[in-house]
Amino acid sequence: MTRLNWRTAGESHGPTLIGILEGVPAGLTLDLDRVNEDLARRQLGYGRGGRMRIETDSVHILSGWKGGVTIGSPIAFEVKNKDSVIEKLPTPTNPRPGHADLAGCQKWGHRDPRAVLERASARETAARVAAAGIARQVLEAFGIEVFGYLTGLGGVECRPDAWESAGEGRAAIRQASDFLSLDPEADEAMRAAVDRAKAAKDSLGGTFEVRAIGVPPGLGSCASAQERLTGRLGGALFSIPAIKGVEFGIGFDVATRPGSQVHDPIVPSGEADNAFARTSNRAGGLEGGMTTGEPLVMRAAMKPIPSIRIGMPTVDLHSGEATVATYQRSDVTSVPACSVVGEAMVALVLAEAFLDKFGGDSMAQVEAALRHYSSELRELGQPGAPTES
Ligand code: EPS
């Protein structure tokens, strides 16, 4: 149990998506335009299907605030579905390879894959983005920014220094990109790849990166398996439908390099507020399951969407006969949207870890705890400071 807890409910074509977010401190003025911007960004991306032309996702707060300011009680919210047609949709007769259809029918004893796919659909991630859009405002009040962007699609890789070259202009570059990438040249090649996949009646996966900057050291804990932030962040990214791989920092390269080429040297910073600096960030901002104060750097790989026009081999649920999966409306790719969901999941876990450390029922109490911690951090490594706290 963390200080911040959240749940979602709702089917893809049901009347609404619902969320409950508990543990947001009192005294936070919520900016719903900001939440709606995240929801709108989740609807973007070249290669999306017809559904995104139907929906205009926006959040409606049902509880937990007064006069636009949080009051410390659970925040309930909804994101309504315009395409609320669940009772009118046909019953698919066969399960799609790669989707939850078959395993879900086996699990619940359903004969109707729709009973599974309605909840397994990535539509649910709209509610997560709304929850994170609220929770991240706690982080932003303390100078923590979480930023997700696409790094590759269908085998086309964005330039590896896209983050560095974008610099402070990153949000504008991402917003101008049809792929939510930071590499306009790669966008053209990705557009061609999506067009080719569409013509071939196929779908495409890809990768995205999420970075968090301004994160204080010491979030998470090495004291228990459950509190290790690496596991919590990794689990959060793996909880997104279609995610098949997650890396931190230099990722799988840690397995091939010697230790001296993996670990990040600690050097004197010469600065008053923190005596320690790093000459690299190959760890991606995490050591011992705790933040180091360096930027968090995470990457995730998304598989191609399983609803494909070409029709994969499958078996009819009623006759047991071999057949091909029936096609239902889908995206050619939704990796750009997935980068928004990845950003949301990282923001939620960071907000959890931040509030676990700094607690507080109100924003003022969180601020006081953070101020005290910052003064402790300033003393560590300074000559003449106490040797034990
Ligand atoms: C999605 C809504 C869905 C799909 C997609 C994501 O809408 P519909 O099923 O009505 O077309 O576009 O879902 C999937 C990729 C999937 O495999 O279920 C959304 O809001 O993100």
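This dialogue walks through the ligand site and some of the strand pairings in a predicted model.

Biologist: Where does the ligand sit, and which residues are around the ligand?

Modeller: A useful way to begin is to find the pocket and then list what surrounds the ligand. In this predicted model, the ligand sits in the largest pocket, and the residues around the ligand are His13, Arg42, Arg48, Arg51, Met52, His99, Ser121, Ala122, Arg123, Ile305, Arg329 and Asp331. Sorted by character, the residues of this shell divide into 3 nonpolar, 3 polar and 6 charged.

Biologist: Which polar side-chain atoms lie within 3.5 Å of an oxygen atom of the ligand?

Modeller: A polar contact is read from a pair of N or O atoms within 3.5 Å, and several residues of the shell can be examined in that way. Among them, Arg42 has a polar side-chain atom 2.8 Å from a ligand oxygen atom, Arg51 has one at 2.9 Å from an oxygen atom of the ligand, and for His99 the distance from such a side-chain atom to a ligand oxygen is 3.0 Å. As for cover, the ligand on its own has 470 Å² of accessible area, of which the protein covers 93%.

Biologist: Turning to the strands, in what order do the 5 strands of the open sheet stand?

Modeller: A sheet can be read by following its strands from one side to the other, and here the order is S8-S7-S9-S15-S10, with antiparallel pairing. Strand S8 (156–157) and strand S10 (243–248) each have a single partner strand, so they stand at the edges and one side of each is left without a neighbour in the sheet.

Biologist: How many bridges join S7 and S9?

Modeller: A pairing can be followed bridge by bridge, and strand S7, residues 145–153, pairs with strand S9, residues 206–213, over 8 bridges in the antiparallel sense. To locate one of these in the structure, start from Gly148, whose bridge partner in S9 is Val210.

Biologist: Which strands does S2 pair with?

Modeller: Here one can take each partner in turn. Strand S1 (residues 5–9) pairs with strand S2 (residues 16–22) over 5 bridges, in the antiparallel sense, while S2 and strand S6 (residues 75–80) also pair in the antiparallel sense, over 6 bridges. Gly19 is a helpful residue to follow, since it appears in both pairings: Gly19 is the bridge partner of Thr8 in S2, and the bridge partner of Gly19 in S6 is Phe77.

Biologist: What phi does Gly10 take in the hairpin of S1 and S2?

Modeller: In that hairpin, which has 6 residues between the strands, Gly10 takes a positive phi near 130 degrees.

Definitions and conventions. Residues numbered from 1 in each chain as written. Predicted model: local features only at pLDDT ≥ 70, side-chain atom pairs only at ≥ 80, totals over all residues. Heavy atoms only, no water. Near = heavy atom within 4 Å. Polar contact = N/O pair within 3.5 Å; in protein donor to acceptor, adjacent residues only side chain to side chain. Areas by Shrake-Rupley, 256 points an atom, 1.4 Å probe, with all protein chains shown as cover. 1 Å grid on protein atoms, 1.4 Å probe; cavity = no way out; pocket = protein on both sides within 12 Å on 5 of 7 lines; lining within 4 Å. Sits in = over half its atoms within 2 Å of the grid points. Nonpolar A, V, L, I, M, F, W, Y, C, P; charged D, E, K, R; others polar. Pairing = 2+ DSSP bridges. Helix = DSSP H or I, 4+ residues; strand = E, 2+ residues; numbered from the N terminus.
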